[in-house]
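Biologist: Hey, can we go through this model together? I'd like to talk about charged pairs and burial.

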Amino acid sequence: MRIPDSWLEDDLRWMQHAFSLAKRAEREGEVPVGAVIVRQGEPVGEGWNRNIAMNDPSAHAEIVALRQAGRRLQNHRLPGCVMYVTLEPCAMCVGAMIHARLEHLVFGATDPKTGALGGAYNLPLAYPHNHQIHFRGGVFADEVSSMLKAFFKARR
């Protein structure tokens, strides 16, 4: 699938927004991951990692953003929506995106330990679903990787 040129401009704009949400997570002592969901050029959901603050292992940035978008759009399905997330999503998050019928996903850095879109494994290829998410990674990857490395180095 060819990516429209306008998506490339939007990718940078919205990934910068997701990056600012990741910084918020970091300030709150959470792993710095941020996500924003956009439909027709407007944000409909956003989130940052909140696992510790919410005492919720499922409160990943992507899940928080999906929940907010679902409430805002009053629909558990999110057709026509694009998610921008700073780190390659895990299996839980990819599964939720598939069930939400997210149209497109753009992520920053790959996650070789738990990434489910090629970093550690490719969940959509391993388990064919009736809905396929178009995705691409590498947008803001250097900035995201640097932030994550600094965060974990400071924690050790």
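Modeller: Sure, one term to begin with: buried means under 20% relative accessible area, exposed over 50%, and partly exposed in between (1.4 Å probe, protein chains only). This is a predicted model, so local features need pLDDT of at least 70, side-chain atom pairs count only at pLDDT 80 or more, and totals for chains, interfaces and linings use all residues. Residues are numbered from 1 along each chain as its sequence is written, and side-chain values use heavy atoms, leaving out hydrogens and water.

Biologist: How many salt bridges does the structure hold?

Modeller: Four, where a salt bridge is a side-chain nitrogen of Lys or Arg within 4 Å of a carboxyl oxygen of Asp or Glu. One of them pairs Asp11 with Arg136 at 2.3 Å, N to O.

Biologist: Where do Asp11 and Arg136 sit?

Modeller: Asp11 is in helix α1 (residues 5–27) and Arg136 in strand β5 (residues 134–137), 125 residues apart. Helices (H or I, at least four residues) and strands (E, at least two) are DSSP runs, numbered from the N terminus.

Biologist: Is Arg136 buried, exposed or in between, and what about Asp11?

Modeller: Arg136 is partly exposed at 22% relative accessible area, while Asp11 is buried at 1%.

Biologist: OK, new topic: which residues of helix α4 are buried?

Modeller: In α4 (residues 91–100), they are Cys93, Val94, Gly95, Met97, Ile98 and Ala100.

Biologist: And what covers them?

Modeller: The cover includes α3 (61–73), β3 (81–87), β4 (104–109) and α5 (123–126), with contact meaning heavy atoms within 4.5 Å.
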